Amino acid sequence: MERQLDAHAAALLQGAIRQKGIEVVLKAQTAAIEGDGRVERVVLKDGRAFPAAIVVMAAGIRPESALAASGGLAIGRGIKVDGALQTSAPDIYAIGECAEHGGECCGLVEPAHEQAKVLARHLCGLPDRYEGSVAAASLKVSGVPVFSMGDFEGEGAEAIMLEDAQAATYRKLVIRNGRLAGAILFGDTAESIWYRDLLRQQAPIAPIRGDLAFGKAYAEAA
């Protein structure tokens, strides 16, 4: 989760998962998966072993570009596309996790939706260009809702943080040049759409700066 959360939110998530009876082992490397005809234990490089009935491995994504490459399309990390989502060949377009725009491949579904809207407009003869997406993640980890987007680390920027230990919620908003640059919501993600819109629209937040952390209804009523 290091790409979705800052260190504090990650520690909160680790604590929440442990409260559910799930042990979290960090900074560990697997040496072997052992068993007689089926998995029975996982052995780490430091010698520790954990009994296991099933092993699940997450390896991220890799753009599937073999077909495009065999057709002579330009390939980088994925299938290279321009602002119209057009590949190096006329009338061939690519969107989603297989497409590379500006040197980046998206690994989330929301950028693919944005690309689809731009491409649909382009194919209908309407002016639009895809300029890239602000990275955002909204998910539940063992039932704990988390949301993050943009530059949530905020190095050198102003950070507004609001935490309620009793309610197990944490909110971090990063402000850069008077605009929202990143956000993390932990435990309560109800305001994620509002913060996402503020970030994408790059709306000046000075008028609501003091109430920003409390959400849309509070900020607009203040």
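## Helix H3

Helix H3 is followed by Gly125, a residue whose phi is positive, near 80 degrees. This report describes a predicted model, and H3 is the element with which the description begins. The helix runs over residues 109–123 and holds 15 residues. At 1.5 Å a residue, these should span 21 Å, and the end C-alpha atoms are indeed 21 Å apart, which agrees.

The buried residues of H3 are Pro111, Ala112, Gln115, Val118 and Leu119. When the helix is viewed down its axis, these buried residues fall within an arc of 125 degrees, so they line one face of H3. On the other side of the helix, Val109 and Lys117 are exposed.

## Helix H1

Helix H1 covers residues 7–19, which makes 13 residues. From its first C-alpha to its last it reaches 19 Å, close to the 18 Å expected at 1.5 Å a residue. Just after H1 comes Gly21, which takes a positive phi of about 85 degrees.

In H1, the buried residues are Ala9, Leu13, Gln14, Ala16 and Ile17. Seen down the axis of H1, they fall within an arc of 165 degrees and therefore line one face of the helix. Ala7 and Gln19, on the other side of H1, are exposed. What covers the buried residues of H1? The cover includes four strands: E7 (136–141), E8 (144–150), E10 (169–176) and E11 (179–186).

## The five-stranded sheet

The strands that help to cover H1 also appear in an open sheet of 5 strands. The order in this sheet is E7-E8-E11-E10-E9, and the pairing is antiparallel. Which strands form the edges of the sheet? The edge strands are E7 and E9 (158–164), each of which pairs on one side only. Neighbouring strands are turned against each other by 15 degrees on average, with direction ignored.

Within the sheet, E8 and E11 pair in the antiparallel sense over 5 bridges. One residue to follow here is Met149, whose bridge partner in E11 is Ala183. Helix H4, residues 192–201, packs on the sheet and touches E8, E10 and E11. The direction of H4 makes about 160 degrees with that of E11.

## The hairpin of E1 and E2

Strand E1 (residues 30–34) and strand E2 (residues 41–44) pair in the antiparallel sense over 4 bridges. Glu34 stands opposite Arg41 in E2. The hairpin has 6 residues between its strands, and in this hairpin Gly37 takes a positive phi near 85 degrees.

## Aromatic pairs

A pair of aromatic rings is described by two values, the distance of the centres and the angle of the planes. How many aromatic pairs does the structure hold? There are 2 of them. In one pair, the rings of Trp194 and Tyr195 have centres 5.1 Å apart and planes at 45 degrees, so this pair is tilted. Both Trp194 and Tyr195 are buried.

Phe214 and Tyr218 form an aromatic pair that is likewise tilted, with 5.1 Å from centre to centre and 50 degrees between the planes. Are these residues buried, partly exposed or exposed? Phe214 has a relative accessible area of 45% and is therefore partly exposed. Tyr218, at 48% relative accessibility, also counts as partly exposed. The cut-off used in this reasoning is that a residue counts as exposed over 50% and as buried under 20%, so values in between are called partly exposed.

## Two residues and their distances

Val146 is found in strand E8. Its relative accessibility is 2%, so Val146 counts as buried. Val146 and Arg196 are 50 residues apart in sequence, while their C-alpha atoms are 14 Å apart in space.

Gly156 lies in the loop between E8 and E9. Is Gly156 buried or exposed? With a relative accessible area of 80%, Gly156 is exposed. Gly156 and Gln86 are 70 residues apart in sequence and 37 Å apart in space, from C-alpha to C-alpha.

Conventions:
Residues numbered from 1 in each chain as written. Predicted model: local features only at pLDDT ≥ 70, side-chain atom pairs only at ≥ 80, totals over all residues. Heavy atoms only, no water. Phe/Tyr/Trp six-rings, centres within 6.5 Å; stacked < 30°, edge-to-face > 60°. Buried < 20%, exposed > 50% of the residue type's maximum accessible area, 1.4 Å probe, protein only. Helix = DSSP H or I, 4+ residues; strand = E, 2+ residues; numbered from the N terminus. Expected span 1.5 Å × (residues − 1). Arc of directions from axis to C-beta. Contact = heavy atoms within 4.5 Å. Pairing = 2+ DSSP bridges. Axes fitted to C-alpha atoms, helices over the stretch in contact; angles between N-to-C directions.
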